[in-house]
Amino acid sequence: MPQSFTLEKNSNIAILTGAGISKESGLETFRDPDGIWSRVRIEDVASPEAFAKYPDAVHNFYNLRRARHRVATANPNPAHLALARLEAEWAGDVTVITQNVDTLHETSGSQNLIHMHGVHSKARCNLCQHVVDWQGDMSTADVCGACGLPGGMRPHVVWFGETPLHLDRIQATLVECDLFLSIGTSGNVYPAAGFVSVVQQIGRAYTVELNLEPSLCAKIFDEGRYGPATEIVPFYVDQLLESL
Ligand code: APR
């Protein structure tokens, strides 16, 4: 840890995570050469326009992903577990802000968790906005338990062109943090990719990127650590906990 950076016992830590942290639990990333967007066009499956035009294709895409995520949920990896351990053992606040729609952070024990892009394990009615737990497949024939109408049930995930969830709570977390970690995200998608700039402009935090390779935003961070998340994240967490 550089000399210029000192953490107090009760410092607050904000952690942004992306698909890279779940890769070693068997889930695909989006923009790696073998990632989801190398096979499927974003505009065909991940926008409100796509859902309006091709609802069956969108449901099919998310049904497959939901099934995969259900299996992977049983398999949190050492990086997820290290972040849960950090939250349990650190005296200050540790908040995980995840772009991931899997539930591996909660399976691992993270409690102070913000799902800014929603979750696969919930559905929302487009007609009345009711949100409900959802484990199996979804289709246009499904009826909303709240408004009683068919055709509106959709994955409770944030599509391109939609506003991420919990932005007020995220902003407060970024402003209040002393250390900002960005783990397993390529820095392509805003507003998440801009969080490092937010903490540098209006917050006070030291910023560290932990990723397989330097992301698009790598140069903005105070420090970068590179390698598989299952190796570099537990190592970094151990260092943090030993530093006090
Ligand atoms: N350990 C650490 N990092 C990894 C690993 C690994 N084992 N494997 C891949 N990575 C890194 C990649 O190098 C890449 O920088 O994880 C990053 C994954 O980037 P993306 O696939 O772009 O995923 P993410 O940044 O989470 O995407 C953001 O885009 O499509 C949308 O809504 C989707 O939430 C997602 C958002």
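Helices and strands are here DSSP runs, numbered from the N terminus, with at least four residues for a helix and at least two for a strand. With those names in hand, the predicted model can be toured from its inner spaces outwards to its strands, cysteines and backbone details.

The structure holds 2 cavities of 30 Å³ or more. The largest cavity contains about 70 Å³ of space. It is lined by 13 residues, and those closest to its centre are Leu16, Ser182, Thr185, Ala193 and Phe221. Two elements each supply at least two residues of this lining, namely β7 (179–183) and α7 (195–202). Sorted by class, the lining of the largest cavity comprises 8 nonpolar, 4 polar and 1 charged residues.

The second largest cavity offers about 40 Å³ of space. Its lining is made of Leu27, Glu28, Ile36, Arg65, Arg68 and His69. Here the classes come to 2 nonpolar, 1 polar and 3 charged residues.

Some of these names return in an open space. The second largest pocket has a volume of about 180 Å³, and Glu28, Ile36, Arg65 and Arg68 are among the residues that line this pocket. The second largest cavity also counts Glu28, Ile36, Arg65 and Arg68 in its lining. The rest of the pocket lining consists of Arg39, Val40, Ala57, Asn60, Phe61 and Leu64. In terms of class, the pocket lining divides into 5 nonpolar, 1 polar and 4 charged residues.

Turning to the strands, β7 was met above as a contributor to the lining of the largest cavity. Strand β7 pairs with β8 in the parallel sense, over 5 bridges. Within this pairing, Leu179 stands opposite Tyr206 in β8. Strand β8 spans residues 206–211 and is mostly covered, with 6 of its 6 residues buried. The cover extends to both faces of β8: Tyr206, Val208 and Leu210 are buried on one side, and Thr207, Glu209 and Asn211 are buried on the other.

A separate description applies to the open sheet formed by 3 strands in the order β5-β4-β6, in which the pairing is antiparallel. The edge strands, each pairing on one side only, are β5 (131–133) and β6 (153–157). Neighbouring strands of this sheet are turned against each other by 45° on average, with direction ignored. Strand β4 covers residues 118–125 and is joined to the antiparallel β6 by 4 bridges. One residue pair can be picked out by eye: Arg124 has Arg154 in β6 as its bridge partner.

The cysteines come next. A search of the whole structure finds 0 disulfides. Cys128 is in no disulfide, and its nearest cysteine sulfur, that of Cys144, is 3.7 Å away. A disulfide is counted only when the two sulfur atoms lie within 2.5 Å. With a relative accessibility of 33%, Cys128 counts as partly exposed. What, then, is the closest cysteine sulfur to that of Cys177? The closest one is in Cys217, at 16 Å, which is too far for a bond. Cys177 counts as buried because its relative accessibility is 1%.

Several backbone details complete the picture. A cis peptide bond, with omega of about 10°, joins Tyr190 and Pro191. Pro191 is found in the loop between β7 and α7, the two elements that each supply at least two residues to the lining of the largest cavity.

Two residues other than glycine are worth a look for their positive phi. Gln129 has phi near 70° and sits in the loop between β4 and β5, two strands of the antiparallel sheet described above. Gln129 has a relative accessible area of 45%, so this residue counts as partly exposed. His166, which is likewise not a glycine, has a positive phi of about 60°. The place of His166 is in the loop between β6 and α6 (167–176). With a relative accessible area of 44%, His166 is partly exposed.

Methods:
Residues numbered from 1 in each chain as written. Predicted model: local features only at pLDDT ≥ 70, side-chain atom pairs only at ≥ 80, totals over all residues. Heavy atoms only, no water. 1 Å grid on protein atoms, 1.4 Å probe; cavity = no way out; pocket = protein on both sides within 12 Å on 5 of 7 lines; lining within 4 Å. Points joined across faces, edges and corners; volume = space filled by probe spheres on them. Nonpolar A, V, L, I, M, F, W, Y, C, P; charged D, E, K, R; others polar. Buried < 20%, exposed > 50% of the residue type's maximum accessible area, 1.4 Å probe, protein only. Pairing = 2+ DSSP bridges. Axes fitted to C-alpha atoms, helices over the stretch in contact; angles between N-to-C directions.
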